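This report introduces selected local features of one protein structure to a reader who has not met it before. Please keep the sequence and the three-dimensional view at hand while reading.

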Amino acid sequence: MRCTNCGYEIPDGELYCKRCGREIRIVPDYNPLDDVLTAQVKGGIDGGERPLDDYDYEQSYTSDLRRGEAQRAERRKKEQTRSMRHTSAMSGKTARTFGTGRVSRGTGTAGRRASQGTGNMNPDRERRRRMAEKKREMKKRLRRKIIIGFIILIAALAAAVFFLYRNSYAGQIRQGNRAFSEGNYEEAENFFNRAVDKEPKRGEAYTALSKVYLARDDEDGAEKLFLNALESYPDEVPVYEACIAFYVDTEQPQEVSAILEDAPEDVRSELSEYVSEGPTFSLDDSEVFDDVQQLSLESDGEAIYYTTDGSDPDTSSQKYSEPIQIPEGTTTVSAISVNAAGIPSLPVVKEYTVEFPIEDAPAVTPSTGQYEQQTQIVIQVPEGYTAYYTMDKSDPTEKSTKYTGPIDMPEGNTIFKAVLVNGKGRLTGVTTRNYELVLN
């Protein structure tokens with residue numbers, strides 16, 4: 001063992017350094033405050049059930065003092081025994097070498113040190129006790145302040161979060177839904193309107209607000225709400241989605257194609273599942289046909305429905321399955337296509353005209369001239385036509401005299417006109433004859 005003061009190597013069993021004379025400290029001074037602090041740290045790490053402040057300082061302190069006192073008494077007893085041995089040995093050596101004066105001085109030093117150790121014991125214990133109590137009180141106060149500050153901070157944060165959420169878009173929607181479920185439609189409408197004002201480009205508030213209108217049997221008001229929103233925000237997909245959901249829920253899927261028809265291309269691309277393109281027609285309606293036609297329809301959708309009487313088709317109209325016959329005359333074909341989502345397209349309307357070729361002006365005999373004997377006028381009528389004539393110089397029509405057989409030529413001068421009319425009411429050219437009959 002080396003001396004902590006001068007570094008001299010001390011033989012085993014020696015209690016003093018022979019070089020500097022300092023006493024060897026075999027057992028360190030016991031400090032009960034170290035055990036208290038160790039217990040607190042251990043309690044904090046282990047997460048014990050009782051708070052650190054509940055540590056029984058008084059009991060621990062008393063127990064520690066007793067244990068320290070016992071250790072010091074044992075240490076003093078050992079030191080005194082070794083000191084006495086050492087003193088006896090030194091006394092003999094001194095007496096032989098220097099005389100009895102050194103023994104007395106050595107004994108006096110040991111006794112003074114023992115006396116100093118014994119006299120300082122009680123004040124030191126009291127000082128440590130007061131320091132432990134002071135530290136304990138300071139820790140309690142600090143912990144109390146930290147806990148109170150933390151509670152205040154948490155309460156302030158909670159109040160701020162609650163206030164922000166309550167006045168946020170989601171908070172307004174939630175409060176409106178609660179009021180709606182309780183039947184307070186006016187209150188719910190106010191909450192939803194505030195949500196719309198906060199974020200007018202989102203769709204949830206419009207959907208919730210439309211439910212208030214529907215609960216009041218005001219479907220037109222709900223539809224107007226969405227149409228106004230689309231007019232104000234024509235590029236916002238969420239607004240379109242809310243409007244589409246409204247039309248689907250109210251069984252008006254045909255209106256979906258109406259709002260998407262003029263939507264921007266990027267919106268139509270985002271909502272492609274709802275876009276329904278109309279069918280294509282195989283015949284050009286700008287052409288006039290001279291014979292019966294077959295009209296074919298095609299579509300990328302699930303089904304095609306059509307009408308030929310000019311009315312708007314729907315899913316209850318004739319379903320297309322084979323080419324449509326276009327007869328002589330004018331035929332209006334209107335068709336829709338329904339996609340996989342059940343959304344019908346806007347109607348595609350085309351008007352077709354078929355006109356059969358007509359005969360030229362009818363053949364009438366006899367030819368123009370003067371006649372001196374009774375003569376009959378004959379009109380050649382082809383199959384599918386009806387002949388009409390006049391003898392008062394006016395042009396014949398379907399309201400003129402119908403030709404049923406040969407006509408006796410009147411006496412005198414006669415202007416005879418004839419025309420043919422087919423089954424569709426189309427008239428041929430007019431044939432005119434000038435007769436003069438003079439009988440002998």
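Is Asp 217 buried or exposed?

## Asp 217, between two helices

The structure described here is a predicted model. In this model, Asp 217 has a relative accessible area of 72%. Asp 217 is therefore exposed, since the cut-off for that class is over 50%.

The residue belongs to the loop that joins helix H7 (204-215) and helix H8 (219-232). The backbone of Asp 217 also deserves attention: its phi angle is near 60°, a positive value in a residue that is not glycine.

## Glu 251, in another loop

A positive phi is also found at Glu 251, again near 60° and again in a residue other than glycine. Glu 251 is placed in the loop between helix H9 (237-249) and helix H10 (254-261). Its relative accessibility is 68%, so Glu 251 counts as exposed.

## Ala 208, within helix H7

Helix H7 contains Ala 208. With a relative accessible area of 8%, Ala 208 falls under the 20% limit and is therefore buried.

Which residues does Ala 208 touch, once its neighbours within four places in sequence are left aside? Ala 208 is then in contact with Asn 177 and Phe 192. A further relation links Ala 208 to Ala 188: the two are 20 residues apart in sequence, and their C-alpha atoms are 8.9 Å apart in space.

## A sheet of three strands

Further along the chain, an open sheet is built from three strands in the order E10-E12-E15, and the pairing is antiparallel. Strand E10 (364-365) and strand E15 (407-408) form the edges, each of them pairing on one side only.

How many bridges join E10 and strand E12? The antiparallel pairing of E10 with strand E12 (residues 376-379) extends over two bridges. Within this pairing, Val 364 has Ile 379 of E12 as its bridge partner.

## A cis peptide bond after E10

The peptide bond that runs from Thr 365 to Pro 366 is cis, and its omega angle is near 0°. Pro 366 itself is located in the loop between E10 and strand E11 (369-371).

## Summary

Two loop residues, Asp 217 and Glu 251, carry a positive phi angle. Asp 217 is exposed, as is Glu 251, whereas Ala 208 is buried. Elsewhere, strands E10, E12 and E15 make up an open antiparallel sheet, and a cis bond leads from Thr 365 into Pro 366.

How values were computed. Residues numbered from 1 in each chain as written. Predicted model: local features only at pLDDT ≥ 70, side-chain atom pairs only at ≥ 80, totals over all residues. Heavy atoms only, no water. Pairing = 2+ DSSP bridges. Helix = DSSP H or I, 4+ residues; strand = E, 2+ residues; numbered from the N terminus. Buried < 20%, exposed > 50% of the residue type's maximum accessible area, 1.4 Å probe, protein only. Contact = heavy atoms within 4.5 Å.
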